[in-house]
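Hello,

Here is the structure for you to look at. My notes on its aromatic rings follow below it.

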Amino acid sequence: MSIDLGTPALRSGTELVPALAEGETQSGKDFSSDQEVRWCPGCGDYAVLKAVQSFLPDLGLRRENIVFVSGIGCSSRFPYYLDTFGMHSIHGRAPAIATGLATAREDLSVWVVTGDGDALSIGGNHLIHALRRNLNMTILLFNNRIYGLTKGQYSPTSEPGKVTKSTPVGSIDHPFNPVSLALGAEATFVARTIDSDRKHLTAVLAAAAAHRGTSLVEIYQNCPIFNDGAFDVLKDRDSAQHALVPLEHGKPVTFGVRDEATGLGDKAVVRTASGSVEVVETASVPVEQILVHDAHADDATTAFALSRLTDNDHLNRSPIGIFRQVERATYDDEARAQVNRAVAVAPGTPEERLEALINAGDTWTVA
C-alpha cells in the first residue's frame with residue numbers, strides 16, 4: 001500500500017526546524033538511548049519503538065530539535081529509549097505540555113506518545129483541544145484496548161462485554177473509536193496503522209511528520225499479557241485480507257481477494273442513500289459506484305463514515321491508512337504571528353518594554 005505524503009513541511013513556525021549540516025548523516029542507532037528497554041516480552045511497543053528509531057534519521061533533523069512527550073502508561077516509557085529530548089509527564093496531560101512546547105519553540109519537532117487509557121480517559125479533554133487547535137505536533141496513540149500498566153482493567157476502547165479485573169462480569173461502557181473521535185474534533189491529519197506492519201507503520205509516520213498541523217496516528221498494538229490476540233484477525237494473513245480495508249488517496253476503496261486484472265478486491269465500499277457507507281460485493285455494483293477515497297476533502301463526513309466501519313465488538317471491517325489530510329492554519333503559527341504584530345508596533349527594545357510594564361503601576365488599559 002502506498003501512502004500519499006502530501007506537501008512535505010516539517011515542524012516549525014515560519015521556518016523549517018533546523019536540519020543537519022550538508023553531508024552529516026544519522027542512523028537508527030543515533031536515536032537509541034543507553035537505557036535498557038523494559039516492556040513485557042512480545043509487547044507491540046518494541047516494534048513501534050524500532051520503527052520510530054529507524055524512521056527518525058529520515059527527518060534530517062538534529063536530535064536536540066526533536067522532543068517526545070509522554071503521559072502515563074506502558075507506551076509512556078518511550079522517551080527513555082530515544083536519544084532525543086523528552087519528558088515523561090503527567091497522566092493524560094502530554095498534549096497540554098506539548099502544546100506549550102510547540103507554541104514557545106518553533107525550532108522543535110514535537111511528538112506525543114500516549115495510550116488509549118492515557119489519551120482517551122483522564123486525558124480526553126486535552127486530546128480533543130490539541131486536535132481542534134491544530135498545533136504542529138504528531139500524536140502517536142497506542143491502542144491495545146486495555147490498561148496494561150495497572151494490570152488489566154478495561155479501557156475507553158475495550159469492547160462491550162469485556163471481562164477484566166475491573167469488569168468481572170463484562171464491561172457495560174460504550175467504547176470510543178479513536179479515529180471517529182479525532183475526526184469529530186476536526187483534526188487535520190488522522191491515520192491508523194498496526195504495530196506488526198513495519199512498512200505501513202513507517203509510511204504513515206512519514207506522512208504524519210510531513211503534515212503541517214496536528215497529526216494523530218492510532219496504532220493497533222498488542223498487549224500479550226492482559227489482552228493477547230486482540231488484533232489477530234488483522235494480523236493473520238488469511239483473515240487480514242478480508243478484514244483490513246486499505247485507504248489510498250484517489251483509489252477505489254476495495255478489499256478482500258484481489259482480481260489480478262482489475263486490482264480490485266472482491267468487497268467494495270459504496271455510499272448509501274443516507275450518506276453513510278456500506279460494504280458490498282464488488283461484482284454487484286458498477287465500478288463507478290465504488291467509493292474513491294479522498295483524504296484531502298475539506299468535509300470530513302465521508303472520512304467519518306469510513307471510520308464507522310470498525311465495529312465496537314469486532315474488527316472485521318477495519319480501514320487502515322490515512323483517513324484525512326488537509327491544510328488549516330495552525331495555532332502556534334497564529335499565536336506567534338499575534339506576538340510579532342504586537343512587538344512590531346510597540347516602541348523600544350524588549351528590555352525597555354518589560355521595564356515600562358513593570359513600572360506602569362497597578363492598573364492598565366487594554367486597547
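F55 and W111 are both buried. Please keep in mind that this is a predicted model. For W111 the relative accessible area is 1%, so this residue falls under the 20% cut-off for buried.

Now to how these rings sit against each other. A pair of aromatic rings is described by the distance of the centres and the angle of the planes.

A search of the whole structure gives eight aromatic pairs. One of them is F55 with W111, an edge-to-face pair with 6.3 Å from centre to centre and 70° between the planes. This pair links distant parts of the chain: F55 belongs to helix α1 (residues 45-55) and W111 to strand β3 (residues 109-115), and the two are 56 residues apart.

W111 has a second partner to look at, F68. What is the arrangement of the rings of F68 and W111? Their centres are 5.4 Å apart and their planes lie at 20°, which is under 30 degrees, so the pair counts as stacked. Here too distant parts of the chain are linked, with F68 in strand β1 (residues 66-70) and W111 in strand β3, 43 residues apart. F68 has a relative accessibility of 0%, and therefore counts as buried.

Both pairs belong to a wider group. Ring pairs join W39, Y46, F55, F68, F78, Y81, W111 and F142 into a cluster.

One last item concerns a charge and a ring. R133 lies over the face of Y331, 5.7 Å from the ring centre.

Regards

Methods
Residues are numbered from 1 along each chain as its sequence is written. This is a predicted model: local features need pLDDT of at least 70, side-chain atom pairs count only at pLDDT 80 or more; totals for chains, interfaces and linings use all residues. Side-chain values use heavy atoms; hydrogens and water are left out. Rings of Phe, Tyr and Trp (its six-membered ring) pair if their centres lie within 6.5 Å; planes under 30 degrees apart count as stacked, over 60 as edge-to-face and the rest as tilted. Helices (H or I, at least four residues) and strands (E, at least two) are DSSP runs, numbered from the N terminus. Buried means under 20% relative accessible area, exposed over 50%, partly exposed in between (1.4 Å probe, protein chains only). A charge sits over a ring if NZ of Lys or CZ of Arg is within 6 Å of the ring centre and within 35 degrees of the ring normal.
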